[in-house]
Every structure is written in structure tokens, then in C-alpha cells.
Amino acid sequence: MSNPNTQALSDAGVSIWLDDLSRERLTSGSLAKLIEEKNVVGVTTNPAIFAASLSKAEVYGEAIAEQKHRSVEDAITEITSDDVAAACDLFKGIYESSNGFDGRVSIEVDPRLAHETAPTIAQAKALYERVNRENVLIKIPATIEGLEAITETIAAGISVNVTLIFSLERYREVINAYLLGLEKAHAAGLDLSKIHSVASFFVSRVDTEIDKRLDAIGTDAAAAVRGQAGVANARLAYQVFEESFASARYEVLSAAGANVQRPLWASTGVKDPAYPSTLYVTELVAPQTVNTMPEKTLDATAAEAEIRGNAIAGGYDAANRVLDKLAALGIDYNEVVNLLEVEGVQKFDVAWNELLQDMAEALKGAK
């Protein structure tokens, strides 16, 4: 039996993906249980998730021993790809029944390549071949250099999860990169119906950075806007989504079998305990979206979320007013979102380096 709150979320058109993966989740059956009981229909991963997962040496002991003669990078690729492939197999039925929209598992290119286009394209293709499952999504960061990589990966017929999107301008560029990739794929005679993509728009990190600036201002007017920027920004992203995929350009591709690139709400764990634990779930309900949640947020959603249907429709003017208030207080939107992109790449770099160090130590101790 599925949970009534997560079922209501699914019924409202939101796909629930879990923002976590480990071999322990796969072997213990805990992921399968979340599929059955909490409407989980996909999984996202990132370097930080894999670093945390691989720190549990007892779960990966045998796998690490099998990789002891490989380089550290190759060992990480083999082990993480095996986990993603196993998760893809678990979700295969959902993938098929949803015509490829759900049942998806993401794996990210090396974040150290975030500003290198050609190596990102090469690794995206290599990861796709290594996982060897149709329902894998290759994660590519939405840096300037990543845009061309997104286009070329889509053009090769590989489905993509575009990650680390913070700004509305960059989101428009991501959609353009996706459409350009589809146009190239169509020109090459590929089946567009097999190509899917999500655009991961980060939410809570926007509030964390802007709230810090509002607190520094310290006025009543500043305090009144706390905790509103992340949702407002995401709602305006949904407006961009609606407009872009109602365009004449997309209609041509849709007639050839193309799929929309769904918005995915990422970074949905609430950082400020003063806010409702399901803030970035209940306030971002809308059709054709994905919400990828850490398990804590998923549990809170199942326990206490009030799903009231579409929470975005009719909210664009109010969302724009939030950004206008921030500008009036002297908070520069573009400076904030650009900083968050830089920091986002840096955080994944740090997690990747930790992963490399942990794997190096594990390989040394492997028997």
C-alpha cells in the first residue's frame, strides 16, 4: 500500500525521486520498499552521495577487493556504475510503464570536468556505455562549458539530467541546449521518443544564501522576505518551462516524437529549522515535474505534507514581486545565482576528492 500523501503528490503530476543511492539500499531491499510504499519512481546521485556510500567499507569490501589492481578513478567508475546499473534494473518496470519518463537513475560526470566541454562529452558517452542501461541519465552541470556538452550528448541519443541550475537565464540556455540537441538527433535520424531529459533547478541553496544577506540587512522589510526566494525562483522557472515547451520550435520536435525536458526540483531538504520540513515539496507541486528528495524530506512528506494540488499555477506575479522586493533591498539576483553555481561546482569537487582519497585508502587495505 502506498502512502496517501506521496500518492497525492504523484496524482498531482509530481514524480518522486530519491536523492540517494548505495549498495546497502539495493541489497537490503530498502529502496524496493520505498518504491512500494512511498511512490518513489527514480533515483538521483552525485559525488557527495557516492562518497558517503563508499565510506561504508563493509558493504563494498568484496567489490573493492576486485578493483585493487585498477587505478583509483577506474575503481570508482566500476563500483558506482555497478550500483547505478543494479538500480536501473530495479526500476525497469517503472521505466517501461512510464514510457521512459520515470524509472530513471542518474550518474554524474567527473565534476572536475565542469568547465571542459570535450572531456565532458567523452565521459558522458563512456558512462552511458559502461552502465549499459537505457534508463540511465547522465548528469552534466549547467556551466557555460556544459551547455555544448548537453547538446552533443542529447544529439548522440543519450538522455541527460542537467544539474546545478540556479538562474532563470541559465535555465533558458539549458532548454535551448536540449532543443538544439534534439534537432541534431532528428537530423541524424535518431528516434526522439527515446531521448529524455530533466533540468535540475536547485531550491534550498537559494534561500540559504539570500536569507544570510537578509539577516545582515536586519530590517523588518528584510525579515518579511526570508524563506521566499527559493520557491519564487523555482516557480518562475516553471513559467519558463511552460512557455518554452509551448513554442513553435518545440511543436516541430514534438510532432517528430520528442519529449519535454521536465523541471526537477533539487536541493529540497530544508536547511532552516524555522521553515516547514516539506516547504520545497508542497509549494512546488505542478504537473510534469520531478521532486528529488533526501530520505528525511521524503519521510516528512509521507508523514505530514498537505498536498493541495497545483501550487504554482497563478503564482507568477507574486513570485516576481518577491524578486522585486529583494532587488529593492539591494540584493543582486544575478550575483547570488552566479555565486551559487560556482559554489555548487566547488562542493562537488570537494566531494569527488574525498571520494578519491577514500577509495585510495580502501584499495591499499584491500585483501
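In this predicted model, Ile140 stands opposite Val162, a residue of strand β5. The pairing belongs to a parallel arrangement in which strand β4, residues 136-141, is joined to β5 by 4 bridges. Strand β5 itself spans residues 160-165 and is mostly covered, with 6 of its 6 residues buried.

From these strands the description passes to the nonpolar interior. In soluble globular proteins, nonpolar side chains tend to be buried together. Here the largest nonpolar core comprises 118 residues, and those that touch the most other members are Val84, Ile138, Tyr171, Leu182, Trp265 and Leu326. Helix α18 contributes the largest share of this core, namely 10 residues. The surroundings of Leu326 can be specified: when residues up to four places away in sequence are not counted, Leu326 touches Ile210, Leu214, Val225, Ala229 and Ile331.

Two of these partners of Leu326, Ile210 and Ala229, reappear in the lining of the second largest cavity, together with Val206, Asn233, Leu323, Tyr333, Val336 and Val337. The elements giving two or more residues to this lining are α11, α13 (229-244) and α18. Of these, α18 provides the largest share, with 3 residues. The composition of the lining is 7 nonpolar residues, 1 polar residue and no charged residue, around a volume of about 30 Å³.

Rolling a probe the size of a water molecule over the atoms shows where empty space is left. For enclosed space, the count comes to 2 cavities of 30 Å³ or more. The largest cavity has a volume of about 40 Å³. Its lining consists of Trp17, Gly100, Phe101, Arg104, Leu137, His196, Ser197, Val198 and Arg262. By class, these residues divide into 4 nonpolar, 3 polar and 2 charged, whereas the lining of the second largest cavity includes no charged residue.

The open spaces come next. The largest pocket holds about 530 Å³ of space. Its lining is made up of 30 residues, and Asp19, Asn46, Arg205, Ser267 and Lys271 are those nearest its centre. Several elements each supply at least two lining residues: helices α4 (47-54), α11 (204-217) and α18 (333-365), and strands β6 (197-202) and β7 (261-266). Helices α11 and α18 thus take part in this lining as well as in that of the second largest cavity. By class, the lining of the largest pocket has 11 charged, 11 polar and 8 nonpolar residues.

The second largest pocket has a volume of about 160 Å³. It is lined by 14 residues, with Ile76, Thr77, Glu108, Leu127 and Trp352 the closest to its centre. At least two residues of the lining come from each of α4, α6 (72-90), β3 (104-108) and α8 (117-131). Helix α6 gives the largest share, 4 residues. The class division of this lining is 6 nonpolar, 4 polar and 4 charged residues. Helix α4 supplies at least two residues to the lining of the second largest pocket, and also at least two to the lining of the largest pocket.

Helix α18 recurs in this account. The helix gives the largest share of the largest nonpolar core, gives the largest share of the lining of the second largest cavity, and supplies at least two residues to the lining of the largest pocket.

Notes: Residues are numbered from 1 along each chain as its sequence is written. This is a predicted model: local features need pLDDT of at least 70, side-chain atom pairs count only at pLDDT 80 or more; totals for chains, interfaces and linings use all residues. Side-chain values use heavy atoms; hydrogens and water are left out. On a 1 Å grid over the protein atoms alone, a cavity is a set of points where a 1.4 Å probe fits but cannot get out, and a pocket is an open set with protein on both sides within 12 Å along at least five of seven lines; lining residues have an atom within 4 Å of a point. Grid points are joined across faces, edges and corners, and a volume is the space filled by probe spheres set on the points. Ala, Val, Leu, Ile, Met, Phe, Trp, Tyr, Cys and Pro count as nonpolar, Asp, Glu, Lys and Arg as charged, and the others, Gly among them, as polar. A nonpolar core is a set of buried Ala, Val, Leu, Ile, Met, Phe, Trp, Tyr and Cys residues joined through side-chain atoms within 4.5 Å. Buried means under 20% relative accessible area, exposed over 50%, partly exposed in between (1.4 Å probe, protein chains only). Contact means heavy atoms within 4.5 Å. Two strands pair if DSSP finds at least two bridges between them.
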